[in-house]
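Here is a short tour of one protein model, written to be read with the structure open beside you. Take a moment to turn the model around before reading on.

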Amino acid sequence: KNAGKKNKIPLSLQGPQSFGSERLLYLYRSLVVIKQGGGVKSVYCDKQIASLISLKLLVKVSRDGELDEVKYSCLADRAYMDAIGSKVQLKLDNYLYKSYSS
C-alpha cells in the first residue's frame with residue numbers, strides 16, 4: 001500500500017499543467033469579485049487573456065481549429081507568481097490544485 005504513495009509526485013513539481021478557458025475565466029472572474037466587488041464582462045476577460053499571452057506569461061496549448069475547449073498553460077515560474085500575488089494580497093495556494101499524480 002505505502003509503496004504506491006512514495007512514487008506519487010505533487011503536481012506542483014511536475015511543471016505547468018494545461019487548463020481550459022472555462023477554468024481560466026472562472027478564476028479571473030472570481031478574483032475580480034473578491035478584489036473589486038461586482039462582476040466583469042467577458043470582453044474584458046478576453047483582453048486580459050490576450051495581454052497575458054503577449055507578455056509571455058500564458059500560452060495557448062490547444063491546436064488551432066480544435067473544436068473542444070481552448071487550453072492554456074502558464075509560463076511564469078512559481079516565485080514570480082507568488083511575488084505578484086503578495087503585491088495584491090492574494091495567496092495562490094488557495095487557487096491551485098493540491099492533487100497528486102502517479
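How many helices and strands make up the secondary structure of the protein? In this predicted model, there are four helices and five strands. From the start of the sequence to its end, they follow the pattern α-β-β-α-α-β-β-α-β.

**Overall figures**

The protein has 102 residues, and 17% of them are buried. Its accessible surface comes to about 8,100 Å², with 56% of that belonging to carbon and sulfur atoms. Among contacts between residues at least 6 apart in sequence, 50% join residues at least 24 apart.

**The sheet**

Let us turn to the strands. Three of them form an open sheet in the order β2-β4-β3, and the pairing is antiparallel. β2 (19-20) and β3 (58-60) each have a single partner strand and stand at the edges, so one side of each is left without a neighbour in the sheet. Strands of a sheet pair through backbone hydrogen bonds, which can be parallel or antiparallel in arrangement.

What joins β2 to β4? Two bridges do, with β4 covering residues 71-74 and the two strands running antiparallel. In one of these positions Gly20 stands opposite Lys71 of β4, and Phe19 has Tyr72 of β4 as its bridge partner. On the β3 side, three bridges connect β3 with β4, again in an antiparallel arrangement. Here Lys60 is paired with Tyr72 in β4. Tyr72 is therefore a good residue to click on, as the bridge partner of Phe19 and of Lys60.**The nonpolar core**

Which residues form the largest nonpolar core? There are seven: Phe19, Leu24, Leu25, Cys45, Ile49, Leu58 and Tyr72. Two helices, α2 (21-36) and α3 (42-54), are the elements that give two or more residues to this core.

Phe19 links the account of the sheet with that of the core, being the bridge partner of Tyr72 and a member of the core. Leaving aside neighbours within four places in sequence, Phe19 is in contact with Leu24, Leu58, Val70, Lys71, Tyr72, Ser73 and Cys74.

Leu25 shows the helical part of the core. This residue lies in helix α2. Is Leu25 buried or exposed? Leu25 is buried, because its relative accessible area is 14%, and the cut-off for a buried residue is under 20%. Not counting residues up to four places away in sequence, Leu25 touches Cys45 and Ile49, both of which are listed among the core residues. Leu25 and Asp46 are 21 residues apart in sequence, while their C-alpha atoms are 8.7 Å apart in space.

**Towards the surface**

Where is there a nonpolar patch on the surface? Val59, Val61 and Leu75 make one of about 220 Å². Val61 sits in the loop between β3 and β4, and its relative accessible area of 42% makes it partly exposed.

Cys74 belongs to strand β4 and counts as partly exposed, at 24% relative accessibility. Cys74 and Val59 are 15 residues apart in sequence, with a C-alpha to C-alpha distance of 6.4 Å.

The loop between α3 and β3 holds Lys56. Its phi is near 65°, a positive value in a residue other than glycine. Lys56 is exposed, with a relative accessible area of 62%.

**A salt bridge within a helix**

How many salt bridges does a search of the whole structure find? The search finds one. Asp82 forms a salt bridge with Arg78, and the closest N and O atoms are 3.0 Å apart. Both residues lie in helix α4 (residues 78-87), where they are four residues apart, about one turn of the helix. Asp82 is partly exposed, with a relative accessible area of 33%, and Arg78 is also partly exposed, at 36%.

The table gathers accessibility values for the residues discussed here.

| Residue | Relative accessible area | Class |
|---|---|---|
| Leu25 | 14% | buried |
| Cys74 | 24% | partly exposed |
| Asp82 | 33% | partly exposed |
| Arg78 | 36% | partly exposed |
| Val61 | 42% | partly exposed |
| Lys56 | 62% | exposed |

To go back over the picture, begin at the open sheet with the order β2-β4-β3, move to the core to which α2 and α3 each give two or more residues, and finish at the Asp82 and Arg78 pair in α4.

Terms used:
Residues are numbered from 1 along each chain as its sequence is written. This is a predicted model: local features need pLDDT of at least 70, side-chain atom pairs count only at pLDDT 80 or more; totals for chains, interfaces and linings use all residues. Side-chain values use heavy atoms; hydrogens and water are left out. Two strands pair if DSSP finds at least two bridges between them. A nonpolar core is a set of buried Ala, Val, Leu, Ile, Met, Phe, Trp, Tyr and Cys residues joined through side-chain atoms within 4.5 Å. Buried means under 20% relative accessible area, exposed over 50%, partly exposed in between (1.4 Å probe, protein chains only). Contact means heavy atoms within 4.5 Å. Patches are made of residues with over 30% relative accessible area and no salt bridge: like charges are joined within 9 Å, nonpolar side chains (Val, Leu, Ile, Met, Phe, Trp, Tyr) within 5 Å. Accessible areas come from the Shrake-Rupley method with a 1.4 Å probe; for residues, only the protein chains shown count as cover. A salt bridge is a side-chain nitrogen of Lys or Arg within 4 Å of a carboxyl oxygen of Asp or Glu.
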